[in-house]
Amino acid sequence: MQLFGMEKLSLVDYDGFVAATVFTGGCNFRCGFCHNAALVLDSENLDVLPESEVFSYLQKRKGILEGVCVTGGEPTLNKDLPEFCEKLKKIGYSVKIDTNGTNPDMVKSLAENGLADCFAMDIKNDRENYAKIIGFDKYDTSKVEKTVDFFLSGGADYEFRTTLISEYHHAENMAKISEWIRGAEKYFLQRFKSG
């Protein structure tokens with residue numbers, strides 16, 4: 001799988017675990033506030049981090065590191081994500097996937113096959129205003145809704161999160177999101193930080 005970077009030690013990317021974080025490229029959204037815009041828009045011009053280098057590091061740090069967070073970009077766009085997660089599991093790591101929820105079949109497969117231990121899913125906005133925040137004129141949220149439903153039904157360990165941006169998020173939007181994900185185990189609000 002193509003990787004474009006690794007944070008070798010993180011205490012915040014995988015709750016409860018000392019972890020490494022690896023970054024995939026590409027995304028099917030164009031959020032104007034993305035903190036990994038180069039991975040989304042310009043991954044073909046970035047240096048690829050060899051998988052062998054990542055696994056060499058993870059083997060050496062086994063016992064110190066406990067988990068690996070796979071983020072992006074949007075990791076579930078990579079058809080070889082299951083194979084990558086299987087390699088992580090074989091050497092004993094817990095695996096967390098950060099996702100925008102647009103590939104419910106991949107999420108479900110990873111969970112049901114024991115290839116991911118938990119997920120963090122971005123809830124960009126209420127359904128009616130999703131398109132505005134992800135850079136499109138219109139957007140069918142049905143796949144995102146399917147992923148939300150999978151998590152709410154107990155299909156996998158998960159957390160939802162929303163990055164709050166003043167021009168997009170108001171009391172009315174937040175009330176609609178709250179109603180949409182009613183019953184969620186974990187929902188985190190993150191303040192947008194520019195620069």
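In this predicted model, S10 is in contact with F17, V18, A19 and T21, once its neighbours within four places in sequence are left aside. The residue belongs to strand 1, which spans residues 6-10. The relative accessible area of S10 is 1%, which is under the 20% limit, so S10 counts as buried. Its side chain also makes polar contacts with the backbone. One reaches the backbone nitrogen of V12 at 3.2 Å, and another reaches the backbone nitrogen of D13 at 3.0 Å.

V18 and A19 also appear among the residues touched by L65. L65 is located in the loop that runs between helix 2 and strand 3 (67-71). With a relative accessible area of 2%, L65 is buried. Not counting residues up to four places away in sequence, L65 touches K8, L9, V18, A19, A20, Y57, L58 and Y93. The C-alpha atom of L65 is separated by 25 Å from that of D122, a residue 57 residues apart from L65 along the chain. Y93, one of the residues touched by L65, has the charged end of K62 over its ring, 5.2 Å from the ring centre.

Helix 4 comprises residues 104-112, and its buried residues are P104, M106, V107, L110 and A111. These residues lie on the same side of helix 4 because they cover an arc of only 165 degrees around the axis. The exposed residues D105 and E112 are carried on the face turned away from this buried side. Several elements pack against the buried residues of helix 4: helix 3 (81-90), strand 4 (94-99), strand 5 (118-122) and helix 6 (142-152). Just after helix 4, G114 adopts a positive phi of about 70 degrees.

Aromatic pairs number 12 in the structure. One of them joins F55 and F84, whose ring centres are 5.4 Å apart and whose planes stand at 65 degrees, an edge-to-face arrangement. F55 is in helix 2 (residues 51-60) and F84 is in helix 3, so the pair ties together parts that are 29 residues apart in sequence. Both partners have low accessibility by the criterion for burial: F55 counts as buried at 13% relative accessibility, and F84 counts as buried at 1%.

A second pair is formed by F119 and F151. Their ring centres are 5.4 Å apart and their planes are at 45 degrees, so this pair is tilted. The pair links distant parts of the chain, with F119 in strand 5 and F151 in helix 6, 32 residues apart. F119 and F151 are both buried. Strand 5 and helix 6, which hold these two rings, are also among the elements that pack against the buried residues of helix 4.

Ring pairs further link a cluster of aromatic residues, made up of F29, Y130, F136, Y139 and W180.

Terms used: Residues numbered from 1 in each chain as written. Predicted model: local features only at pLDDT ≥ 70, side-chain atom pairs only at ≥ 80, totals over all residues. Heavy atoms only, no water. Helix = DSSP H or I, 4+ residues; strand = E, 2+ residues; numbered from the N terminus. Buried < 20%, exposed > 50% of the residue type's maximum accessible area, 1.4 Å probe, protein only. Polar contact = N/O pair within 3.5 Å; in protein donor to acceptor, adjacent residues only side chain to side chain. Contact = heavy atoms within 4.5 Å. Arc of directions from axis to C-beta. Phe/Tyr/Trp six-rings, centres within 6.5 Å; stacked < 30°, edge-to-face > 60°. Lys NZ or Arg CZ within 6 Å of the ring centre and 35° of its normal.
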